[in-house]
Amino acid sequence: MDNDLCRLTGAEFPLFAFSHCRDVVAAVSRAGGFGVLGCSSFGSHQLEEELAWIDAHVDGKPYGVDILFPQVQQASSGMSMDDFAAAIPPGHVDFVVDLLARHDVTIARSEVIRDRLPPTAPDEAERLMEIAFRHPIRLIANALGVAPPLMIAHAKAAGVPVAALVGTKDHAIKQVQAGVDIIVAQGTEAAGHCGDISTLVLVPEVIRALRLLGRPYGDIPVIAAGGIVTGEQMAGAMAMGAQGAWTGTVWLATTQAETSPVIREKMVEARSQDTVRSKARSGKPCRQLKSAWNEAWDSPDTPDPLPFPLMPLICVPALNKTFAAAEAGSVSAKRLATYESGQGVGMIEAVRSATAVVQDFKQEFADAFAQFVRMVAAD
Ligand SMILES: Cc1cc2nc3c(=O)[nH]c(=O)nc-3n(C[C@H](O)[C@H](O)[C@H](O)COP(=O)(O)O)c2cc1C
């Protein structure tokens, strides 16, 4: 395929795959899509290893990275792990121990708080970005606010396009004014942090807002995100003016994904109404599988989820213990287990390889397009 986005990023087929898993990133890029490694779960040392591995396994195909650079978190710059730990109330630690115990999962009080700085702390995000630019990345993406000037300057110098995720047209305008090259218009259907506008409305709204800003079609390519798990949906989004699809959920149910087998099972079983936008995972509204974990935190008589970035510090160790107990056969732990997931999960019917997902997308896209052309020609 040939459009502005493909030329800018080197993608053969503009299916962008956000994943925390290097195997998925490399497999998607090798299959003609474009893998984007989410860096928020890595420390700097580990990121270097992951990117070196991708370089060795991607057969020279293009890939990118996504770094969380939250705008509102600058106050935590310079905070040590002890400072973060001290900000977590003991009552929240007790609540986690008790909630897990009620679901057959044992966690000691001393294990509740993750022993690693949040990778989204500004200093850590900067370190991750510097490492990323030492590799042949073809795109750098930023979420949770306007891409920082440092990222944009670094990217311009390296000739790497900057993409930014937005959930409203106003955010898109701010990002373009800050100098980003690509907008990912992410609707509320999406896994992870999301707003409340649907993809179907947001994509054309953002494209129109950019045109009114004097940036006509293709000048700043827009990628549609949120709820897209098939090639037909990708074709639909591109008929609205998007130049590609940006996806996350569909890769979580692949054989290569980092997800626990229990989560993959839950995803195949889930209907589209089985996700919830809750603060129970990160402290910000974040779409995830409905489970006893978010039900407990969202109930009125329990402690409120902590603000970002404290909530992930107590959420990650607890859910890791939960996955282990569920994998060992505990039904109650399986009920507690959750993971980021978008509404498109309802259309995931089986666990496939990432390569097969790209191939299915291509076929479905071509079929949808051919059907469209036949319909117009028959007129
Ligand atoms: C497990 C998971 C974690 C995510 N974390 C991030 C992130 O750190 N940064 C980001 O820009 N987007 C993140 N996202 C959102 C994806 O980039 C993408 O926009 C979204 O998954 C698209 O919607 P879909 O899930 O319906 O395909 C995450 C998605 C998933 C599935």
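**Exercise 1. The shell around the ligand**

Task: In this predicted model, find how many residues surround the ligand and which are the closest.

Solution: Step one is the count: 20 residues surround the ligand. Here a residue belongs to the surroundings if one of its heavy atoms lies within 4 Å. Step two is the ranking: D66, Q186, G227, G248 and T249 are the closest. Step three sorts the shell by residue type, which gives 9 nonpolar, 8 polar and 3 charged residues.

**Exercise 2. Oxygen atoms of the ligand**

Task: State what kind of atom G226, G248 and T249 each place by an oxygen atom of the ligand, and at what distance.

Solution: Take the residues in sequence order. G226 has a backbone N or O atom 3.5 Å from a ligand oxygen. This value sits at the cut-off for a polar contact, a pair of N or O atoms within 3.5 Å. For G248, too, the atom is a backbone N or O, and the distance to an oxygen of the ligand is 2.8 Å. T249 uses a polar side-chain atom, which lies 2.6 Å from an oxygen atom of the ligand.

Next, consider the cover: the ligand taken alone exposes 600 Å², and the protein buries 96% of that. Finally, locate the elements that give two or more residues to the shell: β3 (63-68), β9 (244-247) and α11 (249-252).

**Exercise 3. Two domains**

Task: Give the bounds of domain 1 and domain 2, then describe the contact between domain 1 and domain 2.

Solution: Start with the division. Domain 1 covers 1-79 + 117-255, and domain 2 covers 81-116 + 259-348. Over C-alpha atoms, the centres of the two domains are 25 Å apart. The contact involves 32 residues of domain 1 and 27 residues of domain 2. Now turn to area: about 2,300 Å² is buried between the domains, with 65% of it on carbon and sulfur atoms. On the side of domain 1, M79, L117 and L252 supply 25% of the area buried against domain 2, more than any other three residues.

**Exercise 4. Backbone geometry**

Task: Is the peptide bond from F308 to P309 cis or trans, and is phi of D59 positive or negative?

Solution: First recall the usual case: most residues other than glycine have a negative phi, and most peptide bonds are trans. Then check the bond from F308 to P309: omega is near 5 degrees, and the bond is cis. P309 lies in the loop between α13 (292-298) and α14 (310-327). Last, check D59: phi is near 55 degrees, a positive value. D59 is placed in the loop that joins α3 (44-57) and β3.

Notes: Residues are numbered from 1 along each chain as its sequence is written. This is a predicted model: local features need pLDDT of at least 70, side-chain atom pairs count only at pLDDT 80 or more; totals for chains, interfaces and linings use all residues. Side-chain values use heavy atoms; hydrogens and water are left out. A polar contact is a pair of N or O atoms within 3.5 Å; within protein, one must be able to donate a hydrogen and the other to accept it, and residues adjacent in sequence count only if both atoms are side-chain atoms. Accessible areas come from the Shrake-Rupley method with a 1.4 Å probe; for residues, only the protein chains shown count as cover. Helices (H or I, at least four residues) and strands (E, at least two) are DSSP runs, numbered from the N terminus. Ala, Val, Leu, Ile, Met, Phe, Trp, Tyr, Cys and Pro count as nonpolar, Asp, Glu, Lys and Arg as charged, and the others, Gly among them, as polar. Domain bounds come from an automatic or database domain assignment. Contact means heavy atoms within 4.5 Å. Buried area is the accessible area (1.4 Å probe) that two parts lose on being put together, summed over both.
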